[in-house]
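Take a look at the model below. Keep the bound ligands in view as you read.

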Amino acid sequence: MSQNLRIALAGLGTVGAGVLRLLEENGALIAARAGRAIEVVAVSARDRAKDRGVDLSSYDWEDDMTAFATRDDVDVVVELVGGSDGPALALARKALAGGKGVVTANKAMVAHHGLELAGLAEANAAPLRYEAAVAGGIPVIKGLGEGAAANRIERIYGILNGTCNYILSEMESTGRDFGDVLKDAQELGYAEADPTFDIEGIDAAHKLAILASLAFGTQLDFANVDTTGITRIRAADIAQARALGYVIRLIGLSDCVEEGGERRLFQRVAPCLVPTSHPLAGVGGPTNAVVAEGNYSGRLLFEGAGAGDGPTASAVVADLIDIARGNAMPPFSLPVATLEASAPADPGHRRNRAYLRFVVADKPGVLAEITAAMRDAGVSIESLMQQGQPEDDGQPVLVAMVTHDGPEGAVADALKVLDGSPSLVEEPLVMRLLG
Ligand code: NAP
Ligand code: HSE
């Protein structure tokens with residue numbers, strides 16, 4: 001057996017402690033599969049005194065994690081700190097520039113700086129791996145970059161945030177409040193350090209930008225992911241969706257379209273209505289699922305735990321095993337210089353059915369005003385429901401409608417006309433139906 005793969009671990013929180021436990025428990029199996037042992041040489045976190053439920057006594061401690069990048073006894077740095085910039089980025093840059101491998105679970109850093117880091121990795125012949133950054137324990141990066149590498153990917157979409165999926169499915173099955181369920185997700189270790197990243201869709205947008213680059217051979221473009229979170233979803237929307245035969249899921253979706261004679265990239269994260277017959281409708285709790293449509297493979301569905309210490313550690317260690325074996329996939333499956341810079345696609349041209357929810361003053365003419373705006377913009381209404389009780393006289397009521405298939409631009413035009421109308425008590429909510 002050749003020399004051990006020597007690693008230094010920055011970050012000893014949910015994922016970092018999970019990695020140490022996994023390496024400890026499955027060490028012999030991992031060494032056999034990797035062809036050599038994976039040896040932890042040094043660790044770092046903020047608070048040396050904190051009890052992490054793992055024995056750290058046999059590892060060196062570094063207060064400054066960037067010291068890992070210059071240690072001669074370290075081959076690979078494992079970054080499990082988080083944050084798009086700050087110490088995580090400083091460490092990754094320095095390690096790659098010095099020819100050391102980097103394994104990270106940090107989607108924020110990869111989404112913002114992945115191109116630069118991949119360039120550094122390439123220039124210094126150092127591996128850069130980030131399987132755990134997208135969809136936790138699911139080997140989707142490897143699946144796309146290697147298993148489906150022969151395909152042109154037509155479309156990629158899925159459930160990319162465990163916290164949101166946990167919240168939506170708990171609200172659906174228990175009727176509990178949003179805030180209450182969010183607290184559970186934080187306690188279970190699913191949520192980001194800043195949970196607004198989860199519930200506002202930013203975490204899913206980080207992951208979608210990474211998947212899109214890998215799937216379409218385009219440069220990372222996080223800034224142009226059209227992002228909406230789940231904070232405006234009410235129990236009434238969930239009930240309404242169910243009555244129509246749908247569940248609500250936060251979906252990230254990306255494809256490439258021809259516009260003005262050039263290839264453009266569409267990327268969106270938003271809550272959608274998913275038909276109960278669709279495989280994604282049955283994906284509950286913190287589970288993630290990614291669907292990739294390849295021109296030869298057909299539809300591929302990757303499903304599994306999207307968050308939590310064990311599944312995420314599994315993905316981190318899978319990357320380490322790959323490096324130990326000497327597998328050398330370029331970080332985004334293609335040489336950095338060949339990744340295409342694509343302009344963002346105009347969503348106005350996309351066609352779909354939409355669920356629109358209005359909260360309106362219960363007075364004569366309001367429905368006529370809304371439907372006239374739809375008519376004038378060329379939006380055809382498939383069904384319309386109003387919820388309110390006779391005894392709630394004078395209280396705002398909820399009007400929900402589903403449109404026929406049509407361009408998104410037409411719905412946007414109708415909503416522009418209604419913008420500022422005194423009949424609307426709050427901004428309308430629009431969710432597309434996953435077709
Ligand atoms: P976490 O529990 O908050 O742990 C973060 C660790 O980083 C802690 O050990 C913390 O030290 C250390 N740290 C934070 N800021 C630091 C600083 N300025 N200097 C030195 N150390 C610092 O986070 P996590 O959930 O393990 O997530 C880690 C990474 O994995 C993030 O990029 C996250 O997005 C990603 N990820 C997480 C999951 C998940 O399910 N949790 C899944 C996939 C990917 P102390 O412990 O001393 O405070
Ligand atoms: N906060 C993330 C989630 C962790 O809920 O999916 C996994 O990336």
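The paragraphs below go from the pocket to the ligands.

This is a predicted model. Begin with its largest pocket. About 1,300 Å³ of space lies there. The lining of this pocket counts 50 residues. Nearest the pocket centre are T14, L80, V81, G82 and A193. By class, the lining holds 16 nonpolar, 18 polar and 16 charged residues.

Which helices supply the lining of the largest pocket with at least two residues each? They are α1 (14–25), α4 (107–123), α6, α8 (196–199), α9 and α11 (309–325). Of the elements, α1 contributes the most, with 5 residues.

Now turn to what fills this space. Ligand 1 takes up the largest pocket, and ligand 2 sits in the largest pocket as well.

Consider ligand 1. Its surroundings comprise 24 residues. Those that come nearest are L12, D47, R52, E192 and G308. The shell around ligand 1 divides into 10 nonpolar, 8 polar and 6 charged residues.

Backbone atoms make several polar contacts with ligand 1. A backbone N or O atom of D47 is 2.7 Å from an oxygen atom of ligand 1. For G308, a backbone N or O atom also lies 2.7 Å from an oxygen atom of ligand 1. G13 places a backbone N or O atom 3.0 Å from an oxygen atom of this ligand. On its own, ligand 1 has 890 Å² of accessible area, and the protein covers 83% of that.

Next comes ligand 2. Around it are K107, N161, G162, T163, Y190, A191, E192, D198, D203, K207, G306 and A307. E192 thus appears here and also among the residues that come nearest to ligand 1. By class, the shell of ligand 2 has 3 nonpolar, 4 polar and 5 charged residues.

How does the protein reach the polar atoms of ligand 2? The side chain of D198 has an N or O atom 2.7 Å from a nitrogen atom of ligand 2. A polar backbone atom of G162 lies 2.6 Å from an oxygen atom of ligand 2. N161 uses its side chain, with a polar atom 3.4 Å from an oxygen atom of the ligand. The protein covers 94% of the 250 Å² of accessible area that ligand 2 has on its own.

Two elements give two or more residues to the shell around ligand 2: α6 (162–174) and α9 (202–216). Both α6 and α9 also supply at least two residues of the lining of the largest pocket.

Conventions:
Residues numbered from 1 in each chain as written. Chains lettered and ligands numbered in written order. Predicted model: local features only at pLDDT ≥ 70, side-chain atom pairs only at ≥ 80, totals over all residues. Heavy atoms only, no water. Near = heavy atom within 4 Å. Polar contact = N/O pair within 3.5 Å; in protein donor to acceptor, adjacent residues only side chain to side chain. Areas by Shrake-Rupley, 256 points an atom, 1.4 Å probe, with all protein chains shown as cover. 1 Å grid on protein atoms, 1.4 Å probe; cavity = no way out; pocket = protein on both sides within 12 Å on 5 of 7 lines; lining within 4 Å. Sits in = over half its atoms within 2 Å of the grid points. Helix = DSSP H or I, 4+ residues; strand = E, 2+ residues; numbered from the N terminus. Nonpolar A, V, L, I, M, F, W, Y, C, P; charged D, E, K, R; others polar. Points joined across faces, edges and corners; volume = space filled by probe spheres on them.
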